[in-house]
Amino acid sequence: MANILIIDDSPTDVRVFTTLLERAGYKVDSVGNAEEGIERVRADKPSLVIMDVIMPGMNGFQATRTLTRDPETSNIPIVMITTKSMETDRVWGLRQGARAFITKPVNEKDLLACINDLLPNAA
């Protein structure tokens with residue numbers, strides 16, 4: 001069973017994503033800020049990370065760049081999920097190393113399809 005780490009400061013979004021992902025068969029954990037998320041990714045090596053962009057302190061772009069440039073975590077796919085819907089935000093997120101960029105509100109089928117593409121046969 002794949003383990004997904006959610007890095008998001010919104011308890012509501014975390015609850016929605018957790019429910020959706022657990023129902024799809026994934027093991028889910030979450031943290032509320034980027035700094036703690038980086039520590040957790042390094043310690044637990046999840047199968048995939050769902051990363052918010054707008055968070056207090058370090059933002060999701062910075063955290064994604066940190067994780068994708070670290071040889072120990074660079075192979076872990078990151079899906080950025082954010083309210084930032086400008087094309088420049090999507091391009092910047094992908095340039096930081098995210099494998100996918102999804103805008104909120106998230107379509108459940110689109111999110112699961114994205115995860116299934118990144119983690120085939122993992123659920």
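These legends go with several close-up views of a predicted model.

Residues are numbered from 1 along each chain as its sequence is written. Because the model is predicted, local features need pLDDT of at least 70 and side-chain atom pairs count only at pLDDT 80 or more, while totals for chains, interfaces and linings use all residues, and side-chain values rest on heavy atoms, with hydrogens and water left out.

**View 1. The whole chain, strand after helix.** Starting at the N terminus, the order is β-α-β-α-β-α-β-α-β-α, which gives 5 helices and 5 strands. Helices here are DSSP runs of H or I with at least four residues, and strands are E runs of at least two, numbered from the N terminus. The radius of gyration is 13 Å, in agreement with the value near 14 Å for a compact globule of 123 residues; it is taken over C-alpha atoms, and the globule rule is 2.2 Å times the number of residues to the power 0.38. Those C-alpha atoms fit a box of roughly 30 × 30 × 25 Å along the principal axes. Of the 123 residues, 46% are buried (under 20% relative accessible area, with exposed meaning over 50% and partly exposed in between; 1.4 Å probe, protein chains only).

**View 2. Leu21 and its surroundings.** Leu21 sits in helix H1, residues 11-23, and counts as buried because its relative accessibility is 0%. Beyond its neighbours within four places in sequence, Leu21 touches Ile4, Ile6, Tyr26, Val28, Ile50, Leu112 and Ile115 (a contact is heavy atoms within 4.5 Å). Leu111 is 90 residues away along the chain, yet its C-alpha atom is 9.3 Å from that of Leu21.

**View 3. The buried side of H3.** Helix H3 (residues 60-68) has Gly60, Phe61, Ala63, Thr64, Leu67 and Thr68 buried. They span an arc of only 165° around the axis, so they lie on the same side of H3; the arc is that of the directions from the helix axis to the C-beta atoms. Packed against these buried residues are helix H2 (34-44), strand E3 (48-51), strand E4 (78-82), helix H4 (87-95) and strand E5 (100-103).

**View 4. H5, inside and out.** In helix H5 (residues 108-118), the buried residues are Leu111, Leu112, Cys114 and Ile115. Their arc around the axis is only 155°, which puts them on the same side of H5. Strand E1 (3-7), H1, E3, E4 and E5 are among what covers them. Flip to the face turned away from that buried side and you meet the exposed residues Lys109, Asp110 and Asp117.
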